[in-house]
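Colleague: I should like to go through the terms applied to this model and hear the reasoning behind each. Please set every value against its criterion before drawing a conclusion.

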Amino acid sequence: MTRTFLLARALCLLTSLSLLAPSPSFAEATGTPLPPPSLQPETCSVEGLMDSIRRGLQSKSPAYRRYLRELLKESAVTLPEEQLRAAFERETEPLMVEHLAAALAAKTDRGESVATLQLVGKRASQDADPAVRAAATRALRRTSAEEHTGDLYSRLVRDASPEVRMEAATNLIEDNQFVYAGFHGPASDTAVAAAAASSDSKVTARILGNISTAAISKESAEQLHTLLRGDDAEVRAAAAKALGGVPAPEMSRARQTLVALYRDESDVGVRTSILQSLARLGFASAVPELRGLRNVDPRLVPEVDAWIRALSTGLQEWSLILREKQRLQQAR
Amino acid sequence: MRSPKSRLAALTALVALPTAALAYTAVAPYPSTVTATTYYSSGTYHGAVDVANSRCNYWGAETGVSATVYWNVTVRTSGVVCNGNGSGNQNEALLNLGSGWSFRQWHWIKTSDSYDRTCNRCQVGNLGGTGNATGAHSHFQKDQYGTKNTSWYSSYTSKGEALDRGELMGYI
């Protein structure tokens, strides 16, 4: 018997007892002793579980609310799929939709049918209420949704609601980092494609500025080059930063593009991102390039000098170089 | 009578939730006993957790991480092997943790579920003894660029402990 099964049974049993037991206040008011409650068989239901969780969600403790969500997700594997689907389709309150959607997605991730996860994806893209669409989108975070929902994310980042678009961006970022560790090409390609598909520059910049591009395809790298020529400085800066992490076959072209762009660019934020990406692409070999760019923008001379000093330490891990550069700037 | 809140609060004791937001919880893949941790009985360094159950090719080998993650599955042995078939021949499910860190699950027997997959505690094979093994077991190892780390389990499990499926082994 698995732990999740025991949990579901325990919760159902406690729910049943609460419905059957008499109220103490009633017993005290009437003054008559009541017979002990008799146990009656009752079928464990999604509704009973949902009622318990609905009551529990009124708690002021965020940790307790998170616990209830985990409890429902863990119980989902043993709950009848039809009842869970029906409850999800009936529910209109965004918070409960999110919990039920997370439970349906959990069923797929625990090795069951992908149909339950696709049902959540459908509601995330098609529900009339933007708050429900956003809730369903949140429920897909850190799941295998990217692999089972086709072009869902390219549609979600074009949603009419800014909240849905931003939730979709957060999903892509967190999936990239926590599900795929930044080293799964298709997941990174999905994120780049969604960033390029979005007409919301904040969403595009947020995705590109926070994903790993270490395993992207040639086509995705090409999209990053295209986005570098966009009108929005925030997007250009994020695209430049993303280009700094491309795989080895794309590095040479990326360096050439970024050096040329630095000279033509006027925005200081974009130029700062370019310097970081050049450092990341070349490590110590980027020092001559950085020296060549040092006097292009007087505002960024200290930034270029900090990179040159950090790269000259000979550190071989990007995270260590980045930390060293931050330390050098702190000490100034 | 207990209030609904206190009644539900009592259930918190039934579930082990991760305490660190960024750490993954490593859990046992089937009912098992911890047979080796940092050192074998012989004193030889091991630097990983072995959990064993005598019923080879009976229990499913679930991925031992309680989170949805991408598992890179490598099949080196296609047949049913319970007692070892040579070092380097173990079937492996590998979780890339970034920055050179990996978490590996070894020795399972290939089944139709043995393919790269993104899932939460799903089967990638059956309990077995492929590779360097003297019996059916699962080897869980966390390493960075090949150097093993022992801190992920050392405060959470020890040799001889009985584990149920899904029970905590450590945090990676």
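**Terms and their grounds**

Modeller: Chain A contains 20 helices and zero strands. The model is a predicted one, and the predictor assigns the complex an ipTM of 0.84 and a pTM of 0.85. Of the 332 residues in chain A, 44% count as buried.

Colleague: What makes up chain B, in helices and strands?

Modeller: Chain B has two helices and 13 strands. Buried residues account for 44% of its 172 residues.

Colleague: What is the average pLDDT of chain B, and where is the pLDDT below 50?

Modeller: The average for chain B is 90, and 87% of the residues score at least 70. The pLDDT is below 50 over residues 1-21 of chain B, a stretch that has 27 contacts in the model beyond near neighbours in sequence.

Colleague: Why are α4(A) and α6(A) called oblique to each other?

Modeller: The axes of α4 (residues 62-76) and α6 (residues 94-109) of chain A come within 8 Å and cross at roughly 40 degrees. Roughly parallel would require an angle under 35 degrees, and roughly perpendicular one from 65 to 115. The value falls in neither range, and α4(A) and α6(A) are therefore oblique. Their crossing is right-handed.

Colleague: Which residues meet where α4(A) and α6(A) are in contact?

Modeller: From α4(A) come A:Arg69, A:Leu72, A:Lys73 and A:Ala76, which meet A:His99, A:Ala102, A:Ala103, A:Ala106 and A:Lys107 of α6(A). By class, the residues of this contact are five nonpolar, one polar and three charged.

Colleague: Why, then, are α17(A) and α19(A) described as roughly parallel?

Modeller: Helix α17 (268-282) of chain A packs against helix α19 (residues 301-311) of chain A at an angle of about 15 degrees, with the axes 11 Å apart. The cut-off for roughly parallel is an angle under 35 degrees. An angle of about 15 degrees meets that cut-off, and α17(A) and α19(A) are therefore roughly parallel to each other. The crossing of α17(A) and α19(A) is right-handed.

Colleague: What residues in α17(A) and α19(A) meet?

Modeller: A:Thr272, A:Leu275 and A:Ala279 in α17(A) meet A:Glu303, A:Val304, A:Trp307 and A:Leu311 in α19(A). This contact has five nonpolar residues, one polar and one charged.

Colleague: Does A:Ser266 count as buried or exposed, and why?

Modeller: A:Ser266 is placed in the loop between α16 (248-264) and α17 (268-282) of chain A. Exposed residues are those with 12 or fewer C-beta neighbours within 10 Å. A:Ser266 has 8 inside that distance and therefore counts as exposed. The C-alpha atoms of A:Ser266 and A:Gly56 are separated by 54 Å, the two residues being 210 apart along the chain.

Colleague: How do you know whether B:Gln141 is buried or exposed?

Modeller: B:Gln141 lies in strand β10 (residues 137-144) of chain B. The criterion for a buried residue is 20 or more other C-beta atoms within 10 Å. B:Gln141 has 21 such neighbours, so it counts as buried.

Colleague: Which residues are in contact with B:Gln141, leaving aside its neighbours within four places in sequence?

Modeller: These are B:Ala48, B:Arg104 and B:Lys148. In addition, the C-alpha atoms of B:Gln141 and B:Gly47 are 7.3 Å apart in space, while the residues are 94 apart in sequence.

Terms used. Residues numbered from 1 in each chain as written. Chains lettered and ligands numbered in written order. Predicted model: local features only at pLDDT ≥ 70, side-chain atom pairs only at ≥ 80, totals over all residues. Axes fitted to C-alpha atoms, helices over the stretch in contact; angles between N-to-C directions. Helix = DSSP H or I, 4+ residues; strand = E, 2+ residues; numbered from the N terminus. Parallel < 35°, antiparallel > 145°, perpendicular 65-115°, else oblique. Left-handed = near helix turned anticlockwise from the far one by under 90°. Contact = placed C-beta atoms within 7 Å. Nonpolar A, V, L, I, M, F, W, Y, C, P; charged D, E, K, R; others polar. pLDDT = per-residue confidence, 0-100.
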